[in-house]
Amino acid sequence: MRDSLRIGRIAGIRVGFNISVLVIVVILVVGLALGRFPATFPGRSPAAYLLAALVTAFVFLLSLLAHELAHAIVARRNGIEVEGITLWLFGGVAQLRGEPRTPGADFRVAVVGPLTSLVLALVFGLAAALVAAVAEPGLTVSALMYLAVVNVMLAVFNLIPAAPLDGGRVLRAFLWWRSRDRLRAAVTAARAGRVFGYTLIGLGFLQLVVGLGFGGLWLALIGLFLVNAATAEEQQTQENAALHGIRVIDVMTRNPVTASPEEPLSLFIDRTVLTHRFSTYPLVDTVGRFSGLVTLNRIRAVAPERRAVTRLGDIACPPDQVPVARPEEPLTDLLPRMAGCPDGRAVVVDSSGVVIGLITPSDISRALQLRDLRPFDPYPTPRGADVSLTHHRHAA
């Protein structure tokens, strides 16, 4: 889930939102301004209802952000790198590079989000009671009570024991602690998430069929998201287990064909692209340091009449958007960074920053295929703290 707009940093953690979060805002504002508030406190002006709804929706988004920040801060305190937080259609995503190394850390990272939502619910509830005690109940009290209830619902929903919800992480931590087998625990939690997702889809369609409103469509969409996320998580878990112990140098394409950012695209096509079978070309400066990445898809996107006046550097993926790895780095540590890369490639550099290799999805697929052909290992792949995943996700 990519940011459409980056808000900034909170506690050193990048925060942004995807444009799809506006759907939540619209649903809340319409539902509150045209439904809940007029029904609870009739007689106010439409402007008053609209203002109260906008403020309530904004504070709700802050509640989601607090939920995700709690995950991110606790994760960082447990030695997990935090890539950032994105608010989107179904709530929030705290993107963590790697996973907790112990069941206890896994539990702490998972449970702190729902606990934060419960604390916020208590704060909003107390605030509503205080306002009601000193003034006549009105839209302010209604908004505060709504925020209290919705945060309770957020906490309860996320505690359902089904990955990728927080409750699925708690389930995984418990199964991991009990069996000492992290792989089996993660797969079980993911499969529970898939079952729960299919259940929501079924309930959503049932509501639509019996005419209980379009809320069933929302349930079905959330269920579909959970099914897809849980399936991807199970696959990622198994792939990471299969790739455990493999280093970047073991799978990288060595000595890739490189080019200068200043080279004209038309000349590069004639001299290099048409004479090689590669689809990815790192750009380097005069001493071999990485300065961008060009792929066939980027080259083909340039109109033929523009190729003579286009430099490779003009169409390259910037170096700060391409994962850079060292040859001795575990491949499982690199995979999360590749997942967020626009071109899905990584560049390998030596200690002086000179490009020495390239990793593409094809290299990773080949490593997975060859894993089963390797000689029997009398020391099986660890299934405890040494097996890591990529990102933490959950729907709010």
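Which residue in β10 is the bridge partner of valine 347? It's leucine 358, and that pair is one small piece of the strand pairing around β9 covered below. Keep in mind that this is a predicted model. The rundown goes through the strands, then two helix packings, then three individual residues.

**Around strand β9**

- Strand β9 spans residues 346-349 and is covered on both faces. Ala346 and Val348 sit on one side, Val347 and Val349 on the other, and all of them are buried.
- One pairing of β9 is with strand β8 (residues 324-325), where the two run parallel and are joined by two bridges. Here alanine 325 stands opposite valine 348.
- There's also an antiparallel pairing, between β9 and strand β10 (residues 355-359), with four bridges. This is where valine 347 meets leucine 358.
- β9 and β10 make a hairpin, with five residues between the two strands. In the turn, glycine 353 has a positive phi of about 90 degrees.

**The four-stranded sheet**

- As a quick reminder, strands of a sheet pair through backbone hydrogen bonds, and the pairing can be parallel or antiparallel.
- Four strands make up an open sheet with mixed pairing, in the order β1-β2-β3-β4.
- The edges are β1 (5-10) and β4 (91-97), each of which pairs on one side only.
- From one strand to the next, the twist averages 20 degrees.
- β1 is paired with strand β2 (residues 13-17) in the antiparallel sense, over five bridges. Within β2, phenylalanine 17 is the residue standing opposite leucine 5.

**Helix packing: α1 with α4**

- Two packed helices are described by the angle between their axes and the distance between the axes.
- For helix α1 (residues 21-40) and helix α4 (residues 139-158), the angle is about 125 degrees and the axes are 11 Å apart. Oblique is therefore the word for how α1 lies to α4, and their crossing is right-handed.
- On the α1 side, the contact is made by Leu28, Leu32, Arg36, Phe37 and Thr40. α4 brings Leu139, Ser142, Ala143 and Tyr146.
- Sorted by class, the α1 and α4 contact has six nonpolar residues, two polar and one charged.

**Helix packing: α3 with α5**

- The axes of α3 and helix α5 (residues 166-179) come within 8 Å and cross at roughly 160 degrees. An angle over 145 degrees counts as roughly antiparallel, so that's the label for α3 against α5.
- This crossing of α3 and α5 is left-handed.
- α3 puts in Pro103, Asp106, Phe107, Ala110, Val111 and Pro114. From α5 come Asp166, Arg169, Val170, Arg172, Ala173, Trp176 and Trp177.
- The class count for the α3 and α5 contact is nine nonpolar, no polar and four charged residues.

**Serine 117**

- Serine 117 is part of helix α3 (residues 103-134).
- Its relative accessibility is 0%, so serine 117 counts as buried.
- Beyond neighbours within four places in sequence, serine 117 is in contact with His67, Asn151, Leu154 and Ala155.

**Valine 294**

- You'll find valine 294 in strand β7 (residues 290-295).
- Valine 294 is buried, because its relative accessible area is 0%.
- Not counting neighbours within four places in sequence, valine 294 is in contact with Ser279, Thr280, Tyr281, Leu283, Ile299, Leu312, Ile315 and Ala316.
- One of these, tyrosine 281, is 13 residues away along the chain from valine 294, with their C-alpha atoms separated by 5.2 Å.

**Glutamine 238**

- Glutamine 238 belongs to helix α7 (residues 215-242).
- Is glutamine 238 buried or exposed? Partly exposed, since its relative accessibility is 39%.
- Leaving out residues up to four places away in sequence, glutamine 238 touches Leu183, Val187 and Arg191.
- Glutamate 305 is 67 residues from glutamine 238 along the chain, and 47 Å separates their C-alpha atoms.

How values were computed:
Residues numbered from 1 in each chain as written. Predicted model: local features only at pLDDT ≥ 70, side-chain atom pairs only at ≥ 80, totals over all residues. Heavy atoms only, no water. Axes fitted to C-alpha atoms, helices over the stretch in contact; angles between N-to-C directions. Parallel < 35°, antiparallel > 145°, perpendicular 65-115°, else oblique. Left-handed = near helix turned anticlockwise from the far one by under 90°. Contact = heavy atoms within 4.5 Å. Nonpolar A, V, L, I, M, F, W, Y, C, P; charged D, E, K, R; others polar. Buried < 20%, exposed > 50% of the residue type's maximum accessible area, 1.4 Å probe, protein only. Pairing = 2+ DSSP bridges.
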